[in-house]
Amino acid sequence: MKRFACGSMARCLMPVCLVLACLAPSVPVRAQNHAVDDLKGKIFDARMAKQTFAGGLKFCTELDGKHFYFQARDRVLDLEDYHRSLENLAKQQVFNPEKHRPWTEQDATERWEQVQKQAVSDQANCQLVASLPALEKQLGELEKNPPAPEKKN
């Protein structure tokens, strides 16, 4: 009876041991898969930025966080100059076509905050697109070279 119990116990534990044996070497593989997936995500983001920000890419040397890409005119504007212009629009109460009324201080402040964020975003898009070749090269190397098996002591 003891023999039968031990035999059935061994049969019950055998699948557990097989599962553990299969999972142990896959830990570095999972880490590499995570790194590959991470890189693929960054590459996707860079390609999307390249498509959606195509007009502004030619101005990347100027997009330093102090300037932003004004898509309507396909040009780069200085933040400080734009801020002064917004203040003047509000002071003179020039018609604001977006709001269908004259510019107010609040409108100018909202637009100022918006273009400041845009300047940061434009700079980040340029950096992301510039990193695309390096990211693609890194992905190619990761996919070419499988991880070395870990040494056990």
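A salt bridge is taken here as a side-chain nitrogen of Lys or Arg within 4 Å of a carboxyl oxygen of Asp or Glu. By that criterion, a search of the whole structure, which is a predicted model, turns up six salt bridges. Side chains of opposite charge can pair when their charged atoms come close. Three of these pairs are described below, together with the elements that carry them.

A good place to begin is the bridge between Glu 136 and Arg 47, whose closest N and O atoms are 2.7 Å apart. Glu 136 belongs to helix H6 and Arg 47 to helix H2 (residues 26-52), so this pair ties together parts that are 89 residues apart in sequence. Both partners are partly exposed, Glu 136 with a relative accessibility of 33% and Arg 47 with 46%.

Helix H6 itself rewards a closer look. Its 13 residues (132-144) should span 18 Å at 1.5 Å a residue, and the C-alpha atoms at its ends are indeed 18 Å apart. Leu 132, Leu 135 and Leu 139 are the buried residues of H6. Viewed down the helix axis, these buried residues fall within an arc of 60 degrees and therefore line one face of H6. An α-helix has 3.6 residues a turn, so residues three or four places apart point the same way. On the face of H6 turned away from the buried side sit the exposed residues Pro 133, Lys 137 and Lys 144.

A second bridge links Asp 74 with Lys 58, with 3.0 Å between the closest N and O atoms. Here the partners come from loops: Asp 74 from the one between strands E1 (67-70) and E2 (75-78), Lys 58 from the one between helix H3 (54-57) and E1, so the pair joins parts 16 residues apart in sequence. Asp 74 is partly exposed, at 35% relative accessible area, whereas Lys 58, at 55%, counts as exposed.

The third bridge pairs Asp 107 with Arg 101, the closest N and O atoms lying 2.8 Å apart. Asp 107 is buried, because its relative accessibility of 4% is under 20%, while Arg 101 is partly exposed at 33%. Through shared partners, salt bridges join Lys 99, Arg 101, Asp 107 and Glu 110 into one network.

Asn 96, in strand E3 (residues 95-96), also touches members of this group. Beyond its neighbours within four places in sequence, Asn 96 is in contact with Arg 101, Pro 102, Trp 103 and Asp 107. Asn 96 counts as buried, at 2% relative accessibility, and a polar atom of its side chain lies 3.1 Å from the backbone nitrogen of Glu 98.

Note on methods
Residues numbered from 1 in each chain as written. Predicted model: local features only at pLDDT ≥ 70, side-chain atom pairs only at ≥ 80, totals over all residues. Heavy atoms only, no water. Helix = DSSP H or I, 4+ residues; strand = E, 2+ residues; numbered from the N terminus. Expected span 1.5 Å × (residues − 1). Buried < 20%, exposed > 50% of the residue type's maximum accessible area, 1.4 Å probe, protein only. Arc of directions from axis to C-beta. Polar contact = N/O pair within 3.5 Å; in protein donor to acceptor, adjacent residues only side chain to side chain. Contact = heavy atoms within 4.5 Å.
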